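Here is a short report on one protein chain and its ligand. Please look over the sequence and the structure before reading on.

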Amino acid sequence: MTAAVELATRNIPVTVFEAAQTLGGRARRVVSHGANLDNGLHILIGAYSETIRMIHRVRSTIQRQDLLRLPLHLQIEPAFRMRAWPLPAPLHIAAALFSASGLSWTEKMAAVRFMLNQRSRNFRCKAGTTVATLLQQHSQPRSVIEYLWHPICVSALNTNPDQAAAQVFLNVIRDSLAGPRAASDLLLPQADLSALFPEPAAELVRSHGGQVRLGETVTSLQACDKGFAVSATSTERFSHVIVAVAPHRLAQVVGHLPQLAAQLDLVRQFEYQPIYSVFLQYPQPVRLPAPMIGMRDSPAQWVFDRGALCNQPGMMGVVISASGPHQGLSREELAQQVYRQLADQLSLPEPEWFQVIAEKRATFTCSPDLRRPANLTPVAGLLLAGDYTESPYPATLEAAVRSGSQCARLVTDHHA
Ligand SMILES: Cc1cc2nc3c(=O)[nH]c(=O)nc-3n(C[C@H](O)[C@H](O)[C@H](O)COP(=O)(O)OP(=O)(O)OC[C@H]3O[C@@H](n4cnc5c(N)ncnc54)[C@H](O)[C@@H]3O)c2cc1C
């Protein structure tokens, strides 16, 4: 949708084919029990500048309030609290670390030393290093890992530290905690994810004469004279094609093109990580002390108060990122474990109903030395967009948005 907005607003005619009936892909609205839920609860950070820019671009000033911006505040049960101070960077984070509760003085010093050390190395590490190894090399104490680095790694990379790429982790730290003050802000959606970006984006595309067609699966793509024949419900011709499907769907669209063998080969080597979202409806007056609370113990990692955020009183959304023993549980067992955890740690009562959404292939495993395909392919006019293409970032909205923008730029340059 980013690519479509960028092109349509430059008066380049675009047609978007979307297989689903709802726009948004992995970040889309899902309706359950009459409530607008999301396929997965999403959180953005201030460093995701392109995503925020795009959301603001397609939404009116009033609608922009649907993205709640909060200065970094981490509350991770049972003991950790850390709040960015209203000071210029990097003092806002230094003060946050020094004043954090739940860590001893020595542990806080170790966290600050880690940040200073990484800054002096320009946030670069040896190729092939995992996050777990990096943290061990820098003697990070267990509590600092459990309360700080582990949650950041798993939330941002959706990969456990023993498998996760240290360089990508450092890229995220560099641009968020070690970036300008606003870069470490948390941005929490206050609307469902389809309403937040792709639906207003589609309106903008249509208002510029473009088409966004839902329920149209591209079944074949053939190079033809001066462009491509794209088959969905019918076959149409286009000068350029941006394939913006998730990596595990790429072969279905371009698998028959021998020129893309190298790209397909890279994607075939991807492994995937799940994200589970558990929505629990409690009686309406039930609220959390903060819109987002972290949990050190498993299975729940983050709990979002959808009453405070999305005007859905009593609704809690729980995120469980990356692989873990919870994958062996049935949905009922998982929901039970989650609501017992919330009862023990946050004194929540029994929920009225729950909904578990399991995305088995939420993102690729962000492992060291993972090679990702570029936007340009050997076929002129055929580009790849999505969170899995070359990027300093893990599979996130920001990686997807930047990839879409870049494809639009490449098409425009070619068009000019
Ligand atoms: C549960 C969950 C939680 C997440 N949490 C976060 C988070 O907190 N922060 C964050 O930044 N990121 C998060 N992510 C990652 C983020 O959602 C993805 O990185 C992003 O949505 C990827 O966008 P994309 O456009 O690359 O691919 P997708 O969202 O997968 O979009 C691909 C689209 O292509 C369509 N399609 C597929 N095949 C065809 C075809 N043949 N013809 C037509 N259309 C087709 C699909 O229907 C889909 O709409 C999360 C992901 C999940 C699953």
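## W85 and its surroundings

Leaving aside neighbours within four places in sequence, W85 is in contact with L91, H92, A95 and A96. The model is predicted. W85 sits in the loop between β7 (80-83) and α3 (91-99). Is W85 partly exposed or buried? W85 has 16 other C-beta atoms within 10 Å, so it counts as partly exposed; a buried residue would need 20 or more. R181 is 96 residues away from W85 in sequence. In space, their C-alpha atoms are 9.3 Å apart.

## The chain as a whole

The protein chain has 14 helices and 19 strands. For 416 residues, a compact globule would have a radius of gyration near 22 Å. The protein chain has 22 Å, which agrees. Its C-alpha atoms fill a box of roughly 70 × 50 × 45 Å along the principal axes. Buried residues make up 46% of the 416 residues. Among contacts with a separation of 6 or more, 69% join residues 24 or more positions apart.

## Three strands in a row

Strands β10, β11 and β12 are linked by two pairings, listed here.

| Pair | Residues | Sense | Bridges |
|---|---|---|---|
| β10 and β11 | 220-224 and 227-231 | antiparallel | five bridges |
| β11 and β12 | β12: 235-238 | antiparallel | four bridges |

β10 and β11 form a hairpin with two residues between them. In that turn, K226 has a positive phi of about 55°. A second hairpin joins β11 to β12, this time through three residues. V230 in β11 stands opposite L221. In β12, the bridge partner of V230 is E236.

## The ligand shell

Where does the ligand lie? Domain 1 (2-33 + 42-61 + 190-270 + 368-415) gives residues to the shell, and so does domain 3 (272-364), so the ligand lies between them. There are 32 residues around the ligand. Of these, G25, G40, A362, G386 and T396 come nearest. Several elements each supply at least two residues of the shell: β1 (15-18), α10 (250-254), β14 (272-281), β18 (353-364) and α14 (397-415). By type, the shell divides into 16 nonpolar, ten polar and six charged residues.

Terms used. Residues are numbered from 1 along each chain as its sequence is written. This is a predicted model: local features need pLDDT of at least 70, side-chain atom pairs count only at pLDDT 80 or more; totals for chains, interfaces and linings use all residues. Two strands pair if DSSP finds at least two bridges between them. The radius of gyration is taken over C-alpha atoms; the globule rule is 2.2 Å times the number of residues to the power 0.38. A residue is buried if 20 or more other C-beta atoms lie within 10 Å of its own, exposed if 12 or fewer, and partly exposed in between; C-beta atoms are placed from the backbone. Two residues are in contact if their C-beta atoms, placed from the backbone, lie within 7 Å. A residue is near a molecule or strand if its C-beta atom, placed from the backbone, lies within 6 Å of it. Ala, Val, Leu, Ile, Met, Phe, Trp, Tyr, Cys and Pro count as nonpolar, Asp, Glu, Lys and Arg as charged, and the others, Gly among them, as polar. Domain bounds come from an automatic or database domain assignment.
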